[in-house]
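Please examine the model displayed here before reading the account that follows. The discussion moves from helical packing to charged side chains and then to cysteines.

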Amino acid sequence: MPGRIIKWIDQRFPLTSFVKHELTDYPTPRNLSYWWNFGFLAGVVLMLQVVTGIFLAMHYRADISLSFDSIQHIMREVNYGWLLRYMHATGASAFFFVIFVHMARTLYYGSYRAPRELLWWTGQGLLLLLMATAFMGYLLPWGQMSYWGATVITNLFQATPFFGDQIVIWLRGDYTVGDATLTRFFALHYLFPFIIIGAVVIHLVALHTVKSSNPSGIDLAAKDNIPFHPYFTIKDLYGLGWFLIVYSVFVFFLPDSLIEPANNIPANPMQTPNHIVPEWYFLPFYAILRSVPNLVGGVVAMGLSVMMFAFMPFLDRSRIPGGAHYRPIFKIQFYLFLLDMLVLGYVGYTPPTNQTLLIGQIATLCYFGSFLLIPFISRIEERWLVRRGLPPAVIALMESEALTIEQRRLKHRRRGEQA
Amino acid sequence: MTENESPANTGRRNFLIKATTAVGGVGVAAACVPFVASMNPSSDVLAKAVTEVDLSGITPGGVRTVAWQGKPVFIVHRTPEEIQASTATNGVIDPEPDSQRVQKPEWLVVVGVCTHMGCVPNKEGPGWTCHCHGSQYDDSGRVTRGPAPKNLEVPPYHFVADNKIIIGKA
C-alpha cells in the first residue's frame, strides 16, 4: 500500500527522485570533519526558534504597558512558559554560536573561494537577517536593556546623509522608541524567520549546485564521495546530541547567564542605565562602533566590519588550495583574527575608559588590517611556499585548476569571436 | 520573428516596453507610499508634541526633567555662578554662545538626549555626563568632551507667563 501511494505521488510530483538526489544519494566528501556539522545545527536551531517563538507569541502582548508584565506572566503562570522563554532566549545565543563556528570553519578551510562565492554571499545575507531578527526580538521584553539597545541602534540611522532625523522618526514611528516601535518590531520579528527560511532554501540550492567543500580543499574525484545518507545523517545526528547537551545545560541550569540583569527592570525612557551593553554576539561590532570618535565614521566602520566577510573571495587571491591547511601564514592570521575578535568583545563589554578606548582602536585597526592585508600576505606566502616546494598532490591540483581556468577563458573568447 | 519586420517596428516595440515598464514602476512606487507613510508617527503621537511646564517649584540650582514627545527635557534653574561660567566660554566641540541657547539666562531648557547615541546624560558636578560612551556637557548643555558631535538640542519653547513655558512651539 505505501509503495502504491508513493508511486501515485511520483507520477505527479518528483518526490522519490528529489529525496534520492538531494538527500539519500547526495554525494558528500568522505573526509568531512565535525566542523561541517554546524550548518545542519544552524538549521535545527532555526526550527527551535520558530517553534518556541510561535508558542511564546500566543501569550505575549506587544503593548508598552503590557509587554513587560506579559513576560512575567509567561514565566510564572503559563504552563511551561518558563521553558519556552528560556529555550527561545538561549536559542538566540546558540544560533549565533553555531553560525560563528560555521563562518570560522569556512574562513579556515577557504570554503568561500571559487566556485563557492555565491554560497558564501547568501550566507552573508543570512547573517544580516539573523542580526536584524535578534535585534528586534530583544526589544520585545521591554526591559531597560531592550529599550536603550533599540534607542542606540535606531539612532545610528541618524548618520544617513540629509534625511537622518526623519529616518530615525520613521523607523520608530514616534519621537522616541515607543508603542509604535514595539508593535512593528514584533510584527517584523515574527516575519523575518520566514524570510530566513526562504534564504536558507537559496543557500541550500547553491550548496547542492557546488557541493560541500572538504578539509583538504581539493575537489575530490567521484570515488571519494559517499552518499549523504546514512553516513552524514548519522554524523549530523551525533553532533546534534552533543549540541543538545550543552544547550540543555544552559536552558535548565544557567538560563540567566545570557540575560542582562538590567533587562529585568521595566523600560524607563527618562533614565539610561549607567552601563549599557549589547548581547554578547554583537560585542565585537559594538566595540568597533565605539572605537571611532565620530558618529558617522563609527556607523560606517561597524557596517563595514560585518560586511568585510563578503569581500573574502576578492581579498584572498592565493592559488594554494585547502585554506589554512596548506598555508602556515594564513593559519597564523586566522588565529590572530579570532584573538582580535575576543579582544574586541572584551572592549565592547567594559565601560569606556581611555585605556579600553585605546585597546579598542588598536583592535579595530587589526580587525580591518587582517582583511585588507590578505591580498599582499597571501601573494607573498604563495611565492614562498612554491619556492619551498609544495606536496606533489597540491602542485598537480594547482596545474589542473590553472588549466580549467585557461579553458574557460578560451571558451569565453571563442564565444566572443562568434558573436 | 520574421525577416520582413522593419527596424522601425522594433523601435516602436522597444519604446512600448520601456513606457510600460516606466508606468508600471511609477504605479508600484505610488502604491508603496501609503505603506511607508503608515510607519511615520500617527496623529495621536503628533498630538503629544506640546508640553506645558510650571516652573515655580524649581529652586535656583535645581533641575526638573519633564517628558516632551516622550523625550526627557532638562529644565535648569541656573545660579548666577553657573550663568557666569556658561557665558565665559563658547564651548569647544560645537561652539555656540550661551545667550543663543537660553531665552532667560536663569532658565536653561535642553532636550536630555545625548547627541551621540541617544542615551540620557546624568547630572554630575557642573553639567552632565553620558555614561553610554563618556560624552560630557557643560551647564549650557554644550558638549565639552566627545564622542558626541553636537550640543544638547534646545527645543522650541516660549514663556507664556513668568513661571510657565510651553515646549514644542517657539
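The paragraphs below take up selected residues and elements of this predicted model.

A suitable starting point is helix α4 of chain A, which spans residues 67-76. Its buried residues are A:Ser67, A:Phe68, A:Ser70, A:Ile71, A:Ile74 and A:Met75. Viewed down the axis of α4(A), these buried residues fall within an arc of 165 degrees, so they line one face of the helix. The elements covering them include α3 (38-57), α5 (81-108) and α9 (179-210) of chain A.

Further along chain A, helix α11 covers residues 283-291 and contains A:Ser291. Because its relative accessibility is 5%, A:Ser291 counts as buried. A polar atom of the A:Ser291 side chain lies 2.7 Å from the backbone oxygen of A:Ala287. With neighbours within four places in sequence set aside, A:Ser291 is in contact with A:Gly360, A:Gln361 and A:Thr364. The C-alpha atoms of A:Ser291 and A:Pro352 are 9.4 Å apart, although 61 residues separate the two in sequence. Another such pair involves A:His325, located in the loop between α13 (312-315) and α14 (328-349) of chain A. A:His325 and A:Gly110 are 215 residues apart along the chain, while their C-alpha atoms are separated by 9.0 Å. The relative accessibility of A:His325 is 42%, and the residue therefore counts as partly exposed.

Attention now turns to charge. Side chains of opposite charge can pair when their charged atoms come close. Over all chains, the structure holds 9 salt bridges. In one of them, the side chains of B:Lys164 and B:Glu52 meet at 3.9 Å, N to O. This pair links distant parts of the chain, 112 residues apart: B:Lys164 belongs to strand β10 (residues 164-167) of chain B, and B:Glu52 to strand β1 (residues 51-54) of chain B. B:Lys164 is partly exposed at 31% relative accessibility, whereas B:Glu52 counts as exposed at 51%.

A salt bridge also joins B:Asp98 to B:Arg78, with the closest N and O atoms 2.9 Å apart. B:Asp98 lies in the loop between α3 (80-88) and β4 (107-111) of chain B, and B:Arg78 in the loop between β3 (71-77) and α3 of chain B, so the pair ties together parts that are 20 residues apart in sequence. B:Asp98 is buried, with a relative accessible area of 3%, and B:Arg78 is buried at 2%. In a further salt bridge, B:Arg101 and B:Glu96 meet at 3.0 Å, N to O. Here B:Arg101 is buried, with 2% relative accessibility, while B:Glu96 is partly exposed at 21%. In chain A, a network of salt bridges links A:Asp316, A:Arg327 and A:Glu381.

What is the nearest side chain of opposite charge to the buried A:Asp236? It is A:Lys235, 8.1 Å away, and A:Asp236 has no salt bridge. A:Asp236 is placed in helix α10 (residues 228-253) of chain A. Not counting residues up to four places away in sequence, A:Asp236 touches A:Asn37, A:Phe40 and A:Phe228.

The cysteines remain. How many disulfides does a search of the whole structure find? The search finds 0 over all chains. For B:Cys130, the closest cysteine sulfur is that of B:Cys114, and the separation of 3.8 Å is too far for a bond because a disulfide requires sulfur atoms within 2.5 Å. B:Cys130 counts as buried at 2% relative accessibility. A:Cys366, by contrast, is partly exposed at 40%.

How values were computed. Residues numbered from 1 in each chain as written. Chains lettered and ligands numbered in written order. Predicted model: local features only at pLDDT ≥ 70, side-chain atom pairs only at ≥ 80, totals over all residues. Heavy atoms only, no water. Helix = DSSP H or I, 4+ residues; strand = E, 2+ residues; numbered from the N terminus. Buried < 20%, exposed > 50% of the residue type's maximum accessible area, 1.4 Å probe, protein only. Contact = heavy atoms within 4.5 Å. Polar contact = N/O pair within 3.5 Å; in protein donor to acceptor, adjacent residues only side chain to side chain. Lys, Arg positive; Asp, Glu negative; His and termini not counted. Salt bridge = Lys/Arg side-chain N within 4 Å of Asp/Glu carboxyl O. Arc of directions from axis to C-beta.
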